[in-house]
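Here is a short briefing on a ligand site and one residue of the protein. Please keep the structure open while reading.

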Amino acid sequence: MRTRDFHGTPVGAVGLGCMGMSWAYSASERDDDASVALIREALDLGVTFLDTAQVYGDGHNETLVGRALRGRRDQAVVATKTGLVVDDAATHAMHRDGSPEHVRRSAEESLRRLGIDAIDLFYLHRVDPGVPLAESWGAMAELVAEGKVRRLGLSEVTVAQAEEAHRAHPVAAIQSELSLWTRDAMGAPGGIAGGGSDSTAAATGGVGDVVGWCRDNGAAFVPFSPLGRGFLTGAVSSADFEEGDFRAGNPRFQEEALKANLRIVEVVKTVAGRHGATPAQVAIAWTLAQGDHVIPIPGTKKSRYLRDNAGAAALDLTAADLADLDSVPLPTGDRY
Ligand SMILES: NC(=O)c1ccc[n+]([C@@H]2O[C@H](COP(=O)([O-])OP(=O)(O)OC[C@H]3O[C@@H](n4cnc5c(N)ncnc54)[C@H](OP(=O)(O)O)[C@@H]3O)[C@@H](O)[C@H]2O)c1
């Protein structure tokens, strides 16, 4: 697989989001042994940039990644996150805790569950409005000084927040949602206003060009949900989700909105047809086309999807493809 540079370490241009193996989507299809095998298959394919978080299954996902890494730790760049706490796993209810105490404690717990000596990339999952960013970030920087963490990242932040953190300790990566139907991190108009939990950005009218800020400041940009939570692959055609599926509560996935949004998928399918590619590959390749510093982390728990997604690294979209993809209709419905 083609690689991208992550601060001197080559990583597969397409990474792997491990969240769905423990959390969020189609719970009945989860299988721990299959997930461990899938992560190892990813490493075999050169998909080496692995993404997890403390909250995915309230520790369960980090434990799975830890199992998969046994004997293969050096082949992966391992990212996890702090700053959120699960209240109720069944409803995905969480609250923010960016206190230095939580940051420190959760890092120790993550290290133990992952079974590793140092976390390669440690993100603040969300900025806690009740704790100054400098305090959360300062506690994370102390973990770097102690050798428990190698690099620091932020998730779903504004450019102003990235700059504030970067002045105190280098921001190695920012992970935010980016896909054909969610372009807020590129400074798209409207920001993530209406995005419910993202009150900071809503209050300031947008997050700014976070993707460009990363390019200009030597940070990786890591698109999460690059497949639009499965929607952009064309595999989701009705709002008939199983109980507890996170998408059942998302405005974009309500029946009427979903039907309207299928117009976006039609464009993706047309571009895919030109290349003999799949819609998933086109959706991922579009994120890769946003800059050499971009490393998407599509999520799956299935081997056939993993291999499909890995194939996106070899797909070069033309200027005409990108023009078509950049003019897809705006989505109907907020993301949260
Ligand atoms: N920082 C944050 O706040 C944040 C938020 C959300 C996610 N993330 C990270 O980003 C990663 C990816 O995001 P995501 O999982 O939300 O969404 P995603 O990658 O956009 O989509 C995942 C969904 O697409 C399906 N899928 C995957 N590959 C497919 C293919 N080739 N063809 C058809 N369907 C396919 C998956 O199905 P199966 O599950 O059946 O394989 C799953 O339902 C997560 O795993 C997590 O690590 C971070």
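By class, the shell around the ligand splits into 11 nonpolar, 11 polar and nine charged residues. The model is predicted. In this model, 31 residues surround the ligand.

**Ligand shell**
- The closest residues to the ligand are Y25, D51, T300, K301 and K302.
- Which helix gives the most to the shell around the ligand? Helix α10, spanning residues 303-310, does, with three residues.

**Polar contacts and cover**
- The side chain of S225 places an N or O atom 2.8 Å from an oxygen atom of the ligand.
- A polar backbone atom of G228 lies 3.2 Å from an oxygen atom of the ligand.
- For P226, a polar backbone atom is 3.4 Å from a ligand oxygen atom.
- On its own, the ligand has 900 Å² of accessible area, and the protein covers 95% of that area.

**R113**
- R113 sits in helix α3, which runs over residues 100-114.
- Is R113 buried or exposed? R113 has a relative accessible area of 17%. Buried means under 20%, so R113 counts as buried.
- Which residues does R113 touch, leaving out those up to four places away in sequence? They are Q54, G59, E62, T63 and G66.

Technical notes:
Residues numbered from 1 in each chain as written. Predicted model: local features only at pLDDT ≥ 70, side-chain atom pairs only at ≥ 80, totals over all residues. Heavy atoms only, no water. Near = heavy atom within 4 Å. Polar contact = N/O pair within 3.5 Å; in protein donor to acceptor, adjacent residues only side chain to side chain. Areas by Shrake-Rupley, 256 points an atom, 1.4 Å probe, with all protein chains shown as cover. Helix = DSSP H or I, 4+ residues; strand = E, 2+ residues; numbered from the N terminus. Nonpolar A, V, L, I, M, F, W, Y, C, P; charged D, E, K, R; others polar. Buried < 20%, exposed > 50% of the residue type's maximum accessible area, 1.4 Å probe, protein only. Contact = heavy atoms within 4.5 Å.
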